[in-house]
Amino acid sequence: MHIGRKPVKAINIEDKISSKQKGYITESRVAELITLGSRGQLTCYTPDSDDDGIDIIVNLKGEFRTIYVQVKSRFKLNKNKRFVQNVGLKTFKSHPSFYIIFMHFNPDDLEVDTVWLIPSEEFEKLAYFKSEGKSYKSFYRFNANPKSEIDRWAQFKVDKAFLGEELLRICSGY
């Protein structure tokens, strides 16, 4: 333990940690935020496979009120300081109980910077759709400015401390 020492600048995570590791880290962090933020009233489960694009199953403890979550994360913003993420049609199907969480993880301080919680039906309406081309399959594109409050996605931003509380409100509402 080095009391009083400043942390050394983080290594370039993009070069050292695989995309599979990054996915696991962010999915685990989301489950942690949901459980702690709901004061244990929500339980999180991970499916054995994510063939359907479901990374976390969230259930209201003691009830059968379940929502399904796909987690998409970035450790680095693009050159314009925007969070850009494609969501393939193979792993996306709009449904009232399906939500997408986009999360920007800051590798410098190892903290979650920005979280967007988006109902899949709203995502399907607002995201840019790109039809299949010669070198890619069809996808929806999420393109957001994490610092803006007037961005089309700003209404879906949730403070990380309130993610569990917001999902608890959603689960309790039906």
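This is a short tour of a predicted model, moving from its sheet to its helices and then to a few single residues.

**Stop 1: the sheet**

Start by showing the strands as a cartoon. You will find an open sheet of five strands in the order β1-β2-β3-β5-β6, with mixed pairing. Its edges are β1 and β6, each of which pairs on one side only. Follow the sheet across and the twist averages 30° from one strand to the next. As a reminder while you look, strands of a sheet pair through backbone hydrogen bonds, either parallel or antiparallel.

**Stop 2: the β2-β3 hairpin**

Now select residues 56-60, which are β2, together with residues 66-74, which are β3. These two strands run antiparallel and are joined by four bridges. To see individual pairs, pick Val58, whose bridge partner in β3 is Ile67, and then Asn59, whose partner in β3 is Thr66. The strands form a hairpin with five residues between them. Click on Gly62 in the turn: its phi is positive, at about 80°.

**Stop 3: across to β5**

Keep β3 on screen and add β5, residues 98-106. Which way do β3 and β5 run, parallel or antiparallel? They run parallel, and seven bridges join them. One pair to highlight is Lys72 with its bridge partner in β5, Phe102.

**Stop 4: Ser73**

Stay in β3 and select Ser73. With a relative accessible area of 18%, Ser73 is buried, because the cut-off for buried is under 20%. Show side chains here: that of Ser73 makes a polar contact with the side chain of Thr26, at 3.0 Å. Leaving out residues up to four places away in sequence, Ser73 touches Lys22, Thr26, Phe83, Gln85 and Met103.

**Stop 5: two helices over the strands**

Next, bring in α2, residues 19-37. This helix lies across β1, β2, β3, β5 and β6, and runs at about 110° to β5. Then add α4, residues 163-172. Helix α4 also lies across β1, β2, β3, β5 and β6, running at about 15° to β6.

Colour the buried residues of α4: Leu163, Gly164, Leu167, Leu168, Ile170 and Cys171. They cover an arc of only 160° around the axis, so they sit on the same side of α4. The spacing has a simple background: an α-helix has 3.6 residues a turn, so residues three or four places apart point the same way. What covers these buried residues includes α2, β1, β2, β3, β5 and β6.

**Stop 6: the cysteines**

How many disulfides does the structure hold? The count is zero. Select Cys44, which is in no disulfide; the nearest cysteine sulfur, that of Cys171, is 9.2 Å away. Cys171 is likewise in no disulfide. Their surroundings are worth a look too: Cys44 counts as partly exposed, at 23% relative accessibility, whereas Cys171 is buried, at 0%.

**Stop 7: out to a loop**

Finish at Asp51, in the loop between β1 (42-45) and β2 (56-60). Asp51 is exposed, with a relative accessible area of 56%. Not counting residues up to four places away in sequence, Asp51 touches Lys90 and Thr91. For a last view, mark the C-alpha atoms of Asp51 and Thr91: these residues are 40 apart along the chain, and the two atoms are separated by 6.7 Å.

Conventions. Residues numbered from 1 in each chain as written. Predicted model: local features only at pLDDT ≥ 70, side-chain atom pairs only at ≥ 80, totals over all residues. Heavy atoms only, no water. Buried < 20%, exposed > 50% of the residue type's maximum accessible area, 1.4 Å probe, protein only. Polar contact = N/O pair within 3.5 Å; in protein donor to acceptor, adjacent residues only side chain to side chain. Contact = heavy atoms within 4.5 Å. Arc of directions from axis to C-beta. Pairing = 2+ DSSP bridges. Axes fitted to C-alpha atoms, helices over the stretch in contact; angles between N-to-C directions. Disulfide = S-S within 2.5 Å.
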